Amino acid sequence: PLWFGRWPDGWGDVVRGVRPDEGCSAAAMIDAARLAWTVEQHRLEAVLGDWGGGEPRRVPVPRVVANVRSDTSAVLGVVGEGYEPLQNRAAFAFCDAITDSGEAHWLGAGETRGGARIHALMRLDREIRVGDVEGEDVLPLVCFRNGHDGGLAVTVSVAPFRLACLNGMMLPLDGAARTWKARHTANLDAKLADARRTLGIAWRYYDELEEIGGGLIREPMSAAEFEGFLAQLVPLPALPDPTRGGRAVRNAERVRE
């Protein structure tokens, strides 16, 4: 069981949850989420058809290689020959420095795009209730992502999750970073310093979220003010389009509802 019982329908192949006692380290998380495979690199060839009816010719493709998943032999992406994959175990080891701080713990991990994208979820060990209002609890999550297709650098981002509607709250806040890149190094001191930096960034974001949310939730809004807000958010067409039978107006009204 996870923090809200189970993942929503359709998430079974995206996130695999683990109990806190099973996911206390990157190694345990890797095994529980079935991410113990590695990325291998293989050269590419172009297969050229032979108009004379003979065997097709195979010509090496220069300067690129294929990133291949070791357990399924699936091609995850094509990258430059100088690209060095960051293996799942090495990537998740960075998260150990975060959870070992005692300020966060693992929630789950998984893959998308057949393993081309890897992600993990951690939760900061703090409680957030916006404005101290019943039902306005927010889970302070931290999302770690890595790509094996050459299209995603190692990225860490805050991922506030509002329990009342099981929805994300990706709010851009002035002076508080929401997404940043993580450095990876074998040097232990540097890794711990980067983990402390990551925790500091995440903590500041959630401090700001609590403060701004607490102020906004106490701001009164009259029915007239809300109607004015809707008019700016979803403006009605000035004149119904006779060729469309007023469909644009009906669509806008439906969105407002």
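This note sets out, point by point, what a newcomer may want to look at in the structure.

1. The model is a predicted one, and its secondary structure comprises 5 helices and 11 strands. Of the 257 residues in the protein, 36% are buried, while the exposed surface comes to about 15000 Å², with 53% of that area supplied by carbon and sulfur atoms.

2. On the pattern of contacts, if one takes those in the protein with a separation of 6 or more, 55% of them are made by residues that lie 24 or more positions apart.

3. An open sheet is formed by 3 strands, which follow the order β2-β3-β4 with antiparallel pairing. Its edge strands are β2 (39-48) and β4 (75-80), each of which pairs on one side only, and neighbouring strands in this sheet are turned against each other by 45° on average, with direction ignored.

4. Within that sheet, the antiparallel strands β2 and β3 (residues 57-69) are joined by 10 bridges. A reader who wants a landmark for this pairing can take Gln-41, whose bridge partner in β3 is Asn-67.

5. The largest nonpolar core contains 42 residues, and Leu-35, Phe-92, Trp-106 and Phe-144 are those with the most contacts inside it. At least two residues of this core come from each of α1 (26-32), α2 (88-99), β5 (104-112), β6 (117-124), β8 (137-147), β9 (155-162) and α3 (188-217), and the element that gives the most is α3, with 7 residues. Apart from this core lies another, of 7 residues, among them Leu-121, Leu-139, Leu-141 and Cys-143.

6. Which residues does Leu-35 touch, leaving aside its neighbours within four places in sequence? Leu-35 is in contact with Ile-30, Asn-88, Phe-92, Ala-109, Gly-110, Glu-111 and Ile-118.

7. A final point concerns the cysteines, for which a search of the whole structure finds 0 disulfides. Cys-95 is in no disulfide, and the nearest cysteine sulfur to its own, that of Cys-143, is 9.5 Å away; since a disulfide is counted here when two cysteine sulfur atoms lie within 2.5 Å, the pair Cys-95 and Cys-143 does not qualify. Cys-143 is likewise in no disulfide. Both side chains may still be placed by their burial: Cys-95 is buried, with a relative accessible area of 0%, and Cys-143 is buried too, with a relative accessible area of 14%, which falls under the cut-off of 20% used for buried residues.

Terms used:
Residues numbered from 1 in each chain as written. Predicted model: local features only at pLDDT ≥ 70, side-chain atom pairs only at ≥ 80, totals over all residues. Heavy atoms only, no water. Pairing = 2+ DSSP bridges. Helix = DSSP H or I, 4+ residues; strand = E, 2+ residues; numbered from the N terminus. Axes fitted to C-alpha atoms, helices over the stretch in contact; angles between N-to-C directions. Core = buried A, V, L, I, M, F, W, Y, C linked by side-chain atoms within 4.5 Å. Buried < 20%, exposed > 50% of the residue type's maximum accessible area, 1.4 Å probe, protein only. Contact = heavy atoms within 4.5 Å. Areas by Shrake-Rupley, 256 points an atom, 1.4 Å probe, with all protein chains shown as cover.
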